[in-house]
Amino acid sequence: MKNSVGRASGKVILLGEHAVVYGVPAIAVGIERGATAAAVPGTDGTRRLRVTTWGAEVDATDETRDLARAFAALLVAARAEGSIFVEAEADLPPGGGLGCSAALGVAVARAVLNSVHGAATDEQTLECAMAWERVFHGNPSGVDAACATLGGSVRFEKGQPIETLVVRAPLHFAIGHSGIASSTRSMVESVARQKERRPEIVQKAFDGIAALVKNARLAIEAGDRASLGKLMDMNQMLLAGLMLSTEEIEKMCGLARDAGALGAKLTGAGGGGCVVALCDSRASAEVVAEAWRGAGFESFVTETRGQQAGPRVVRFVASGGASTP
Ligand code: PMV
């Protein structure tokens with residue numbers, strides 16, 4: 001065992017949330033902001049994890065705390081047996097739909113695997129991070145852990161291997177919080193109720209989203225940010241039609257477009273949570289973030305780097321996720 005570190009990205013869903021629950025592909029990207037972890041061999045026989053962001057420190061034997069059980073499950077998946085101390089932190093808002101827990105899980109997994117085995121493959125990292133995520137989220141889709149591990153852009157479809165996409169040109173984003181917490185479970189249930197009452201209308205929205213996702217993939221691969229922005233705007237309209245938007249989200253989308261964004265939409269569950277705006281440079285993303293701050297919405301800018309390699313299929317099948325209730 002040796003001292004080692006691990007890093008991981010947060011994520012935003014660019015297109016396809018909710019429809020993905022019903023088998024439509026979604027596209028998500030890893031963002032620069034994320035989590036880091038450092039592991040050192042223990043000297044006292046214990047296996048402990050400190051997450052400074054959450055102000056928590058746990059021992060892997062403590063079965064009463066989710067964080068401890070998640071750490072224990074990760075250590076089992078990593079086949080890590082000796083005493084170890086890991087310290088982790090994240091620069092993502094928890095509960096904002098930006099994949100904070102998965103980023104922490106991936107950073108911790110990398111630090112532990114590197115410490116114990118001297119290396120961490122993406123597949124091993126994903127296996128450990130999913131063991132961690134299952135403790136927090138029961139049956140996670142895996143999109144957060146995939147983005148946290150792989151960065152770049154991923155195409156995600158239930159029951160299919162995760163595919164990384166070529167990102168021809170870097171993507172610059174402003175991300176802002178609507179100030180209202182969003183509950184993934186209740187928003188997924190709300191869509192399910194609408195689908196029961198008006199199946200044809202909801203299916204039409206999903207078909208529309210599927211077409212947008214297909215075109216968004218081509219736009220990302222071609223480095224065509226302007227088209228990608230328009231597709232995101234159209235996805236926002238369809239999500240609003242499913243009653244997933246709010247007054248604050250609409251206000252933020254409007255502010256972003258007025259400030260020069262190429263496109264803006266809610267990301268993740270909706271009903272609150274975060275808005276993502278695609279911009280053509282870091283400087284223009286700053287202008288959007290500033291407009292949001294001026295209106296009282298917390299925000300930051302981030303980017304997804306260009307990724308020329310790929311597409312690559314990762315042998316990890318996305319089987320979980322919010323199931324159709
Ligand atoms: O914001 P998040 O990470 O909770 O994403 C929710 C995405 C949904 O499509 C609404 C649900 C899911 O499991 O895919």
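**Entry 1: the β8 and β10 pairing**

I began with H177 and looked up its bridge partner in β10, which is C274. I was working in a predicted model, and I keep that in mind for every entry below. The two strands concerned are β8, residues 171-177, and β10, residues 274-279, and I found them paired in the antiparallel sense over 6 bridges.

**Entry 2: the sheet around that pair**

I then followed the neighbours outward and noted an open sheet of 4 strands in the order β9-β10-β8-β11, with antiparallel pairing. I asked myself why one side of β9 and of β11 is left without a neighbour in the sheet. The reason is that β9 (263-267) and β11 (299-304) stand at the edges and each has a single partner strand, so one side of each stays unaccompanied in the sheet. For the twist I noted that neighbouring strands of this sheet are turned by 25° against each other on average, with direction ignored.

**Entry 3: helices on the sheet**

I next looked up what packs on this sheet, and I noted helix α8, residues 247-258, which touches β8, β9 and β10. The direction of α8 makes about 155° with that of β9. Helix α9, residues 282-294, also packs on the sheet, where I found it touching β8, β10 and β11, and its direction makes about 155° with that of β11.

**Entry 4: β2 and its partners**

I turned to strand β2, residues 26-41, which is joined to β1 by 11 bridges, the two running antiparallel; as an example I noted that I13 has A28 in β2 as its bridge partner. I also found β2 joined to strand β6, residues 153-156, by 4 bridges in an antiparallel run, and there I27 stands opposite R155 of β6. With strand β5, residues 84-90, β2 pairs in the antiparallel sense over 7 bridges, and for T36 I noted E89 in β5 as the bridge partner.

**Entry 5: the ligand**

Which residues are closest to the ligand? I counted 12 residues surrounding it, the closest being K11, H18, V20, T184 and G268. By character, I noted that the residues of this shell divide into 6 nonpolar, 4 polar and 2 charged.

I then went through contacts to oxygen atoms of the ligand. A polar side-chain atom of K11 lies 2.8 Å from a ligand oxygen, and for T184 I noted a side-chain N or O atom 2.6 Å from an oxygen atom of the ligand. With A269 the backbone is involved, since one of its backbone N or O atoms lies 3.5 Å from an oxygen atom of the ligand.

How much of the ligand does the protein bury? Taken alone the ligand exposes 380 Å², of which I noted 85% as buried by the protein. Finally, I looked up which elements give two or more residues to the shell around the ligand, and these are β1 (4-15) and α5 (184-197).

Terms used: Residues are numbered from 1 along each chain as its sequence is written. This is a predicted model: local features need pLDDT of at least 70, side-chain atom pairs count only at pLDDT 80 or more; totals for chains, interfaces and linings use all residues. Side-chain values use heavy atoms; hydrogens and water are left out. A residue is near a molecule or strand if one of its heavy atoms lies within 4 Å of it. A polar contact is a pair of N or O atoms within 3.5 Å; within protein, one must be able to donate a hydrogen and the other to accept it, and residues adjacent in sequence count only if both atoms are side-chain atoms. Accessible areas come from the Shrake-Rupley method with a 1.4 Å probe; for residues, only the protein chains shown count as cover. Ala, Val, Leu, Ile, Met, Phe, Trp, Tyr, Cys and Pro count as nonpolar, Asp, Glu, Lys and Arg as charged, and the others, Gly among them, as polar. Two strands pair if DSSP finds at least two bridges between them. Axes are lines fitted to C-alpha atoms, for helices over the stretch in contact, and angles run from 0 to 180 degrees between N-to-C directions. Contact means heavy atoms within 4.5 Å.
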